[in-house]
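Student: I would like a close look at a single part of this model, namely its largest nonpolar core, together with whatever surrounds that part. Could you take me through it in one connected answer?

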Amino acid sequence: MQLRYVFSELGQGLRRNLSMHLAVILTLFVSLTLVGLGVLLNQQATKAADQWGSELQITAFLCKARDDNPACTGEVTDAQKERITTVIEDNPEVDGYRFESKEEAFAKIKDLLGADKFEGPNPAATADDMPESVWITLKDPDEYAGIESAVVGLDGVSNVRDQRKIVGPVLQGLKVMQWGAFWVAAFLVLAALLLVANTIRLAAFARRREIGIMRLVGASTLYIALPFIMESLVTAVIAVGVSVGTLGAFMWFAVHGRLEDLVGFIPWIGVNEFMVAALWVAILGPVLTLLPTLVLTRKYLKV
């Protein structure tokens, strides 16, 4: 196979249909960026729910040694925990529950505020300063009064926090933006597929004489289709690169530059979540161009 011919055809094809390729790149860029934002928002919602609970949860904080609640006379005892567990399990409004230890609560605080604040001879807090808690998941977010009133009066319970009032609006906003990004991205993905199909059709028509000659001399299927495949890869690589760069700029300037300072009580996504979104974009970009190219070259080139 003469690679010089393949690269020559690649360059001619990109120049011949430059405007169409630019349209494909721009459409892919917008759709992939929206998909990446949807992935980031989904991870952000999960991270916020892990820290503060979901809309279906209430949290019962148990008494600690130096508790602000005067009803707490000391650290919650094992007997009191067993009584709390029994009340929760017997309540029909409860779907499930889990205990969170002092160490787990302390790890969340360090992750949210930064581990450096809790190091050295005079740390801001230690694990012993954290209260144990019970995270109660409801069957219905509107039916919570029974379990809340039952838990509040129990020995060993310092206070109860309704997660819906704290994270409800935040999670709802993230959910709306997430699904909005995905639906708009799906529409633009369809537009990108149509543009790819049209680009292949125009390129095949412009090269119809060369393709006919190659068929007559016995050129292989791969040899004829390779310039079209490489054109699709070039447009995909450019679109993926610009999209990942845009997502990186969003993380740097919007999330770390503004949102972390404005809304500091929420743990924000970081490098790991960005890498997951970038991986989605890097996989989806070539798929959206290569699959229609492989299918449509058989139709338009008749190879």
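Tutor: What follows moves from the core to one of its members, then to two residues of a helix, and finally to the sheet.

The model is a predicted one, and its largest nonpolar core has 23 residues, among which Leu28, Leu32, Leu40 and Met251 touch the most other members. At least two residues of this core come from each of the helices α2 (18–52), α6 (163–206), α8 (221–262) and α9 (271–300), and α2 gives the largest share, with six residues. For Leu32, once its neighbours within four places in sequence are left aside, the contacts are Ala239, Val240, Ser243, Val281, Leu284, Gly285 and Leu288. Apart from this core there is a second, separate one of 16 residues, with Val94, Val134, Leu138 and Ile147 among them.

Two residues of helix α9 can be set side by side. Ala282 belongs to α9, and its C-alpha lies 8.8 Å from that of Leu32, although the two residues are 250 apart in sequence. Because its relative accessible area is 34%, Ala282 counts as partly exposed, a class that runs between 20% and 50%. Glu273 is also placed in helix α9, but with a relative accessible area of 16% this residue is buried, since buried means under 20%. Beyond its neighbours within four places in sequence, Glu273 is in contact with Leu40, Gln43 and Lys47, and Leu40 is one of the core residues that touch the most other members.

The sheet completes the picture. Four strands, in the order β2-β3-β1-β4, make up an open sheet with antiparallel pairing, whose edges are β2 (94–100) and β4 (157–162), each paired on one side only. Direction ignored, neighbouring strands of this sheet are turned by 20° against each other on average. Within the sheet, β1 (residues 57–62) and β3 (residues 133–138) are joined by five bridges in the antiparallel sense, and Phe61 stands opposite Ser133 of β3. Helix α3 (residues 78–90) packs on this sheet and touches β1, β2, β3 and β4, with a direction at about 160° to that of β2, whereas helix α4 (residues 102–113) lies across β2 and β3 and runs at about 85° to β2.

Definitions and conventions
Residues are numbered from 1 along each chain as its sequence is written. This is a predicted model: local features need pLDDT of at least 70, side-chain atom pairs count only at pLDDT 80 or more; totals for chains, interfaces and linings use all residues. Side-chain values use heavy atoms; hydrogens and water are left out. A nonpolar core is a set of buried Ala, Val, Leu, Ile, Met, Phe, Trp, Tyr and Cys residues joined through side-chain atoms within 4.5 Å. Buried means under 20% relative accessible area, exposed over 50%, partly exposed in between (1.4 Å probe, protein chains only). Contact means heavy atoms within 4.5 Å. Two strands pair if DSSP finds at least two bridges between them. Axes are lines fitted to C-alpha atoms, for helices over the stretch in contact, and angles run from 0 to 180 degrees between N-to-C directions.
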